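Here's a set of exercises to work through with the model open in your viewer. Try each task before you read its solution.

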Amino acid sequence: MQEFDQKVAFVTGAGGGMGYRVACDLLAAGAKVLMFDLKPQPETIPGDSDQSIYVQGDLTDEAEVATACARAIDAFGGIDCLANVAGALWFGRDRSALEMELDVWDQVMAINLKSMVHTARHVVPSMRMRGGGAMVHFSSTQCMRGDPAPQDAYQAAKAGVVAFSKSLAIQLAGDRIRSNVIYPGPTESPMQDRWNENPDARQATAGAIPLGRVGSVEDMSNACLFLLSDRASFITGTELLVDGGLQAKP
Ligand SMILES: NC(=O)c1ccc[n+]([C@@H]2O[C@H](COP(=O)([O-])OP(=O)(O)OC[C@H]3O[C@@H](n4cnc5c(N)ncnc54)[C@H](O)[C@@H]3O)[C@@H](O)[C@H]2O)c1
């Protein structure tokens, strides 16, 4: 038996760094997985098969999310796990809320927060029918403090993810559905590809992290699979920092 045998997972951001790793690790652990992303299917992900489906779509469109959930339920019999990984950080356009374009604010909130409302609304009925479930929502350490170079919409959306997760945890505990958050610290992924042009920035970031390196997508996937698994069956309404000790520093 593998840990996720008989489980069905809905994974967003599966065309990106962390979501791709989470989807592949769930597949390797025996889950059936519906992967969802704006980007086309990465060549290395197994295509439509008995175990996986890849949907290219927009999480800010509730109808597209509803259709994808229905497809997972139709193909795999239901949904047990939700990994809300997708997110977007718009360097340059997402700035101080006092001066940024407010349509940028709305779009960033829609991608990083409302998208998670869409997925939760459409997986919960199936989780209830199956007698329980588990969700993990990706926030960011960025929402824990102010920043002299603000990205206010992203920061507020990521704080909203934490509040939303706690509320879901309490609303759904009676249905045996758990809801938890991961706060990734700075992590090597396509979101941080600016580091490829500026390795000194990566090095400086790594140097500020007590464990001496930036995070990997494997670090985040390991934490996510733990919280989705039955090993975390008494954990709900909480947050797991995966940041190499950064937030523990004075
Ligand atoms: N990389 C970091 O340093 C870091 C740090 C803290 C938090 N995070 C968070 O971790 C999560 C994963 O980040 P990552 O580093 O893997 O980023 P990534 O850019 O590699 O992947 C994010 C994926 O989300 C998808 N996406 C964005 N908007 C979408 C939409 N409207 N519909 C469908 N898919 C959409 C993108 O296409 C992309 O593939 C995100 O929520 C991010 O905010 C990342």
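**Exercise 1. Work out why Cys-69 is in no disulfide.**

Step 1: start with the distance. The closest cysteine sulfur to that of Cys-69 belongs to Cys-81 and sits 13 Å off, which is too far for a bond. For a disulfide, the two cysteine sulfur atoms have to be within 2.5 Å.

Step 2: move on to Cys-81. Cys-81 isn't in a disulfide either, as its nearest cysteine sulfur, in Cys-224, is 8.8 Å away.

Step 3: zoom out. Searching the whole structure turns up zero disulfides.

Step 4: check burial. Cys-69 is buried at 2% relative accessibility, and Cys-81 is buried at 2%. Buried means under 20% relative accessible area, exposed means over 50%, and partly exposed is in between, using a 1.4 Å probe and protein chains only.

A word on the ground rules: this is a predicted model, where local features need pLDDT of at least 70 and side-chain atom pairs count only at pLDDT 80 or more, while totals for chains, interfaces and linings use all residues. Residues are numbered from 1 along each chain as its sequence is written, and side-chain values use heavy atoms, leaving out hydrogens and water.

**Exercise 2. Lay out the sheet: what is the strand order, and which strands stand at the edges?**

Step 1: write down the order. The open sheet has seven strands, running β3-β2-β1-β4-β5-β6-β7, with parallel pairing. Strands (E, at least two residues) and helices (H or I, at least four) are DSSP runs numbered from the N terminus, and two strands pair if DSSP finds at least two bridges between them.

Step 2: find the edges. β3 (52-56) and β7 (239-242) each have a single partner strand, so one side of each has no neighbour in the sheet.

Step 3: add the twist. From one strand to the next it averages 15 degrees. Axes are lines fitted to C-alpha atoms, for helices over the stretch in contact, and angles run from 0 to 180 degrees between N-to-C directions.

Step 4: look at one edge pairing. β6 (residues 177-184) and β7 are joined in the parallel sense by four bridges, and Val-181 has Glu-239 as its bridge partner in β7.

Step 5: place two helices. α1 (residues 17-28) lies across β1 (8-12), β2 (32-37), β3, β4 (81-84), β5 (133-138) and β6, at about 165 degrees to β1. α4 (residues 152-172) lies across β5, β6 and β7, at about 160 degrees to β6. Contact here means heavy atoms within 4.5 Å.

**Exercise 3. Decide how enclosed β1 is.**

Step 1: count. Five of the five residues of β1 are buried, so the strand is largely enclosed by the rest of the structure.

Step 2: split the side chains. In a regular strand the side chains alternate between the two faces of the sheet. Val-8, Phe-10 and Thr-12 point one way from β1, with Ala-9 and Val-11 pointing the other way.

Step 3: add a neighbour. β1 and β2 run parallel, joined by five bridges, and Thr-12 is partnered by Phe-36 in β2.

**Exercise 4. Which residues come nearest to the ligand, and where are its polar contacts?**

Step 1: list the closest. The ligand has 29 residues around it, and Met-18, Asp-37, Val-85, Tyr-154 and Ser-189 come nearest. A residue is near if one of its heavy atoms lies within 4 Å.

Step 2: go through some polar pairs:
- a ligand nitrogen is 3.2 Å from a polar backbone atom of Leu-38;
- a ligand oxygen is 2.8 Å from a side-chain N or O of Lys-158;
- a ligand oxygen is 2.9 Å from a backbone N or O of Thr-187.

A polar contact is a pair of N or O atoms within 3.5 Å; within protein, one must be able to donate a hydrogen and the other to accept it, and residues adjacent in sequence count only if both atoms are side-chain atoms.

Step 3: follow Thr-187 onward. Leaving aside neighbours within four places in sequence, Gln-192 is in contact with Phe-91 and Thr-187. Gln-192 is in the loop between β6 and α5 (194-197) and is buried at 10%. Its side chain also makes a polar contact with that of Arg-194, at 2.8 Å.
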